[in-house]
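Me: I have a model here and want the reasoning behind its labels. Can we go through them step by step?

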Amino acid sequence: MAKSSLKNALMVILLVITIACSTKLCKAIESPQYKIVHSESDFEIRHYRESVWMAAPVNEISFEKATRNGFHRLFQFIQGANLNFSRIYMTKPVLTSIVPGAGPLHSSAYFVKFYLPDKFQADPPLPLRELNLQPDPWTSHCIAVRKFSGFARDSNIVKEAEKLALSLSRSPWANSTASTSEYAYSIAQYNSPFRIIGRVNEVWVDVTGSRVNGCESNPIAAY
């Protein structure tokens, strides 16, 4: 399929999802559960529990192209392109993790990820081989999060990640970036591309405990 055709098909798919949800034809959208353990004006630290995601590896120099490519394959998976022929409800966010490298966006590759609903956490359906997807099990761990509005673009994601890094450097979480993480950072997108106002995006960076005894201590709120 040509790139323009792929983009058009994906936009039609997302439009259908948007219309269905706006008319209450879709269930409440699930998200990974977490607790907030530290909060400041421009970032927060969340402790996420164990979970399983489905990941689409993408070799692209563009974040936007990589996200479209990966999500197109993930959408086929949740629409039944798996060995169980299971239909899987949409979840949020769509997460694009940036792999460190020498590319234009401080990266050389991406993993676009879909959070599996609770129904499929214990036994994820196996994707068809041609989709080139892989389960991504998470252990419980902590993530530094910075919110930003508008659209996540090639032109702004690095700047938002740098702002989060600066905020962390001025906090008790300085030098707490997890050295074991294979990703530089991730971009979480919560909205359909057809939503213009009130968009929510986040930069995620894995962190370890700081001055507290492990980042899971003393949660402020749970979601």
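Me: What does the chain expose?
Reply: This is a predicted model. The chain exposes about 11900 Å², and carbon and sulfur atoms supply 55% of that area. Of its 223 residues, 45% count as buried.

Me: How many aromatic pairs does a search of the whole structure find?
Reply: The search finds 8 aromatic pairs.

Me: Why is the pair of Trp53 and Trp138 called stacked?
Reply: The ring centres are 4.5 Å apart and the planes meet at 20°. Pairing needs centres within 6.5 Å, and stacking needs planes under 30 degrees apart. Both conditions hold, so the pair is stacked.

Me: Which parts does that pair tie together?
Reply: Trp53 lies in strand β3 (residues 51–58) and Trp138 in strand β6 (residues 134–138). The pair therefore links parts 85 residues apart in sequence.

Me: Why is the pair of Trp53 and Trp204 called edge-to-face?
Reply: Here the planes stand at 90°, with the ring centres 6.4 Å apart. Planes over 60 degrees apart count as edge-to-face, so the label fits. Trp204 sits in strand β9 (residues 201–207), so this pair ties Trp53 to a part 151 residues away in sequence.

Me: Are Trp53, Trp138 and Trp204 buried or exposed?
Reply: Buried means under 20% relative accessible area. Trp53 has 0%, Trp138 has 11% and Trp204 has 3%. Each value is under the cut-off, so each residue counts as buried.

Me: What makes Arg46 a charge over the ring of Tyr34?
Reply: Arg46 lies over the face of Tyr34, at 4.4 Å from the ring centre. The distance cut-off is 6 Å, so 4.4 Å meets it.

Notes:
Residues numbered from 1 in each chain as written. Predicted model: local features only at pLDDT ≥ 70, side-chain atom pairs only at ≥ 80, totals over all residues. Heavy atoms only, no water. Buried < 20%, exposed > 50% of the residue type's maximum accessible area, 1.4 Å probe, protein only. Areas by Shrake-Rupley, 256 points an atom, 1.4 Å probe, with all protein chains shown as cover. Phe/Tyr/Trp six-rings, centres within 6.5 Å; stacked < 30°, edge-to-face > 60°. Helix = DSSP H or I, 4+ residues; strand = E, 2+ residues; numbered from the N terminus. Lys NZ or Arg CZ within 6 Å of the ring centre and 35° of its normal.
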